[in-house]
Amino acid sequence: MGSCMSCRRDRGLLEGTEVSEITLGNNKLFIGQPVWEGGTDVTRDTLEEKRIEFWETAPAFGGQEEVWSALRSATEFAERGDYSMAQAIIDGVGIILPNGYLSQSYDERGHQYVIPNYCLARPKSPRRHAYDPGLSPSRKYITEDEELKIELDTKIRIRLDGRKDIKLEVNSEDTIISCKRRLSLVENVSVSSQLWCHSGKVLKNSQILREVNIPCDHMVQQSVTFLMEFYVSMYHPSELWALFRYKYLGGNTLLSPQLTTEELQSADLMKCYEYLELTSRSFSAVIRSIQDNTLRPAVCIFYLVLRALDTIEDDMNIPIDDKVTMLSNFYTYLQIPDWRYKESTEKDRIVLEDFPTISRAFRGLPIRYQRVINDIAGQMGRGFAGYLEKRIVTVEEWDEYCLYAAGLVGVGLTNLFTSGTEVAHMTELSIGMGRFLQKTNITRDYFEDTTQGRHFWPEEVWHKYGDTIDTFKQPENVAQGVACLNHLITLTLTEVPNVLEYLAQLGELTNDNTVFNFCAIPQVMAIATLLLCYNNKNVFKKNVKIRKGETVSLMQEATSMKGVKTIFSEYAQLIKNKIQSTDPSAQETARICNIIIQKCNIMAPNYAVTRYTMNSSVVLIIAIISYRYNLHSRAISSIQGILKL
Ligand SMILES: CC(C)=CCC/C(C)=C/CC/C(C)=C/COP(=O)(O)OP(=O)(O)O
């Protein structure tokens, strides 16, 4: 969030012009998307419709159905920039990519699969004033801005996958696909994975709600992509169970968006939530789930303001002097209604291009929140400006850089939780919370960052193991690279005691469990990432990322201090189990792991047994049950529905 690192991580992944290889083998997937012109009649609705139509009809023209659904999932993950997940899916089903792109592939039987460009990327220059043939004559010409201002005159009740009902406000002249998009803003379900049924019939995306005439039952069916996550977690039975619970037993209500009618009716706030969704992979769901109706938009806007600042910092096309001025003055732009920056080529440039919407939403926040955001944006901008031409050499500088990029975010968030009342003893702990996330990402992102010609590992450390930072990529230097990696992981783990202390004390500031989840979930993901990276050569070869199943299982456990302590204790133990006596940091790593285990004060179960050594036939049975349940639940859901209110 608002960190250089997050943008660095994303740069190049979604632009479609830069290409880099992320893994080796004949099924390797290259990073990059095709570039195509949208033509005059492409709108978001028509594009979405075209895509759905393609995926629904493609299997009828040959090939295996499961390969088509794997390709669909992989393209969706790749479009979101999650190439590791896309690769995992491709590997899981054994798809061969002769050119490294998803546009053309083969299954193991040699059947060819061709995917059109419009399913792989958005058009280069989407029309702003687009003609949408799916809209009624009175609303044929519509801009995206106008779309959010449309009067909402109808409420429909939607049954989500048989687990809960929600009321969605829509306009009766909306097309079904517009309603789906609205639902995707309120609930965690992508537009393309929704299937709406009414009275036993599947509703077409181009149908107009009024014409459907919904008097009673109706339902929304969820994601095909989820099935792939079951495959990826196949050998991790506890994760299969977590995925199963998350998907079918209401586990995902943990991250239910809590938007109020007021937010849904505010065009600016809806835009902000849309930008949050577009720019953050990790924080969107946890922010939208915050229960407190005044805190939630404040955190969302805080995120977007820092993301805008970060996008400036990251933009290599801005001359350095201009950048220093922009970063240092950035906080003042919050008060200038029409300030925007249109020259950026960065992936997240939308937050700069439409900064007036964000700053207007900011000025609509209670003053106590505005003060906090203003103050942190000022400090962070000045901090970034100071680091523009400075290398990170010492460990102290690493700490300082991570303070600006993420520690301050922690301080700002704590101040938002306390409505601006500073809680002095929490400042260091808040910084530790941010730094733990930032250092973890920096350590994990070696491959991605160096591929893009930058790096954030402190020179004082890497220089002990190699002459240049890039040297670790060469096979003969990987052992040295791993030693350096383990050294950085050990340094990062030293932040954990502060993280545990912060989370333990958070209860004194707020008893809102959704705030606890918002704080705790990213932290447990971070320790899981460190375990994955520890002793792992792959960090030098590709982007490594924890499995979706592991994420879901962590999310479900990290909802109380006891759960958090259990996770930290178990992962510290698992890292300890991986230490090799020949590793130069072995002793120090063991020492800090012991401190964490002690601090958690939990009798850790033998995690190696519970997590990794379950009989593979049990795995298969769970997988089959999950799969069958998925089909069964689809059958059941097709007879449930929406109630018009
Ligand atoms: C007190 C408290 C709660 C402290 C935490 C502070 C905090 C959230 C700092 C942000 C750190 C960070 C590395 C963000 C980028 O994450 P990313 O690139 O993985 O995420 P993205 O999906 O938003 O790009």
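Reader: Before we start, what does "buried" mean here?

Author: A residue is buried when its relative accessible area is under 20%. The model discussed here is a predicted one.

Reader: OK, so is L352 buried or exposed?

Author: L352 has a relative accessible area of 0%, so L352 is buried. This residue lies in helix 16, which covers residues 350-353.

Reader: What does L352 touch, apart from residues up to four places away in sequence?

Author: L352 touches A308, T311, I312, W339, R340, Y341 and S344. In addition, L352 and L304 are 9.5 Å apart in space, C-alpha to C-alpha, although 48 residues separate them in sequence.

Reader: Let me zoom out. How many helices and strands does the protein have?

Author: The secondary structure comprises 30 helices and 12 strands.

Reader: And what share of the residues is buried?

Author: Of the 645 residues, 59% count as buried. The protein exposes about 26400 Å², and carbon and sulfur atoms supply 51% of that area.

Reader: What share of the contacts is between residues far apart in sequence, say 24 or more positions?

Author: Among contacts with a separation of 6 or more, residues 24 or more positions apart account for 71%.

Reader: Can we pick one helix? Where is helix 23, and what should its span be?

Author: Helix 23 runs over residues 478-493. At 1.5 Å a residue, its 16 residues should span 22 Å, and the end C-alpha atoms are 22 Å apart, which agrees.

Reader: How many of its residues are buried?

Author: In helix 23, 13 of the 16 residues are buried, so the helix is largely enclosed by the rest of the structure.

Reader: New topic: how many salt bridges are there?

Author: The count comes to 17 salt bridges. One of the pairs is R51 with E79, whose closest N and O atoms are 2.9 Å apart.

Reader: Which helices do R51 and E79 belong to?

Author: R51 lies in helix 2 (residues 44-57) and E79 in helix 3 (residues 65-79), so this pair ties together parts that are 28 residues apart in sequence. Both R51 and E79 are buried.

Reader: What about R435, which residue does it pair with?

Author: R435 meets E495 in a salt bridge, with 3.2 Å from N to O. The two come from distant parts of the chain, 60 residues apart: R435 is in helix 20 (residues 427-444), while E495 is in the loop between helix 23 and helix 24 (496-509).

Reader: Are those two buried or exposed?

Author: R435 is buried, with a relative accessible area of 13%. E495 also counts as buried, at 6% relative accessibility.

Reader: Which residues do shared salt-bridge partners join into a network?

Author: Salt bridges with shared partners join R307, D310, K347 and D348 into one network. Within it, K347 and D348 form a salt bridge in which the closest N and O atoms are 2.7 Å apart. D348 counts as buried because its relative accessibility is 3%.

Reader: Now the rings. How many aromatic pairs does the structure hold?

Author: The structure holds 21 aromatic pairs. Among them is the stacked pair of Y401 and F456, at 5.6 Å centre to centre with 25° between the planes. Y401 is in helix 19 (residues 395-417), whereas F456 is in the loop between helix 21 (446-451) and helix 22 (459-462), 55 residues apart. Both of these residues are buried.

Reader: And how are F417 and F518 arranged?

Author: F417 and F518 form an edge-to-face pair, 6.2 Å centre to centre and with 85° between the planes. F417 lies in helix 19 and F518 in helix 25 (residues 513-533), so the pair ties together parts that are 101 residues apart in sequence. Both F417 and F518 are buried.

Reader: Which rings form a cluster?

Author: Ring pairs link F54, W55, W68 and Y113 into a cluster.

Reader: Which ring does K50 lie over?

Author: K50 lies over the face of Y118, 4.4 Å from the ring centre. Similarly, the charged end of R368 sits over the ring of Y369, at 4.6 Å from its centre.

Reader: Last one: where is Q580?

Author: Q580 is in the loop between helix 27 (561-578) and helix 28 (586-600). At 46% relative accessibility, this residue counts as partly exposed. Leaving aside neighbours within four places in sequence, Q580 is in contact with N535 and A586.

Terms used
Residues are numbered from 1 along each chain as its sequence is written. This is a predicted model: local features need pLDDT of at least 70, side-chain atom pairs count only at pLDDT 80 or more; totals for chains, interfaces and linings use all residues. Side-chain values use heavy atoms; hydrogens and water are left out. Helices (H or I, at least four residues) and strands (E, at least two) are DSSP runs, numbered from the N terminus. The expected span of a helix is 1.5 Å times one less than its number of residues. Buried means under 20% relative accessible area, exposed over 50%, partly exposed in between (1.4 Å probe, protein chains only). A salt bridge is a side-chain nitrogen of Lys or Arg within 4 Å of a carboxyl oxygen of Asp or Glu. Contact means heavy atoms within 4.5 Å. Accessible areas come from the Shrake-Rupley method with a 1.4 Å probe; for residues, only the protein chains shown count as cover. Rings of Phe, Tyr and Trp (its six-membered ring) pair if their centres lie within 6.5 Å; planes under 30 degrees apart count as stacked, over 60 as edge-to-face and the rest as tilted. A charge sits over a ring if NZ of Lys or CZ of Arg is within 6 Å of the ring centre and within 35 degrees of the ring normal.
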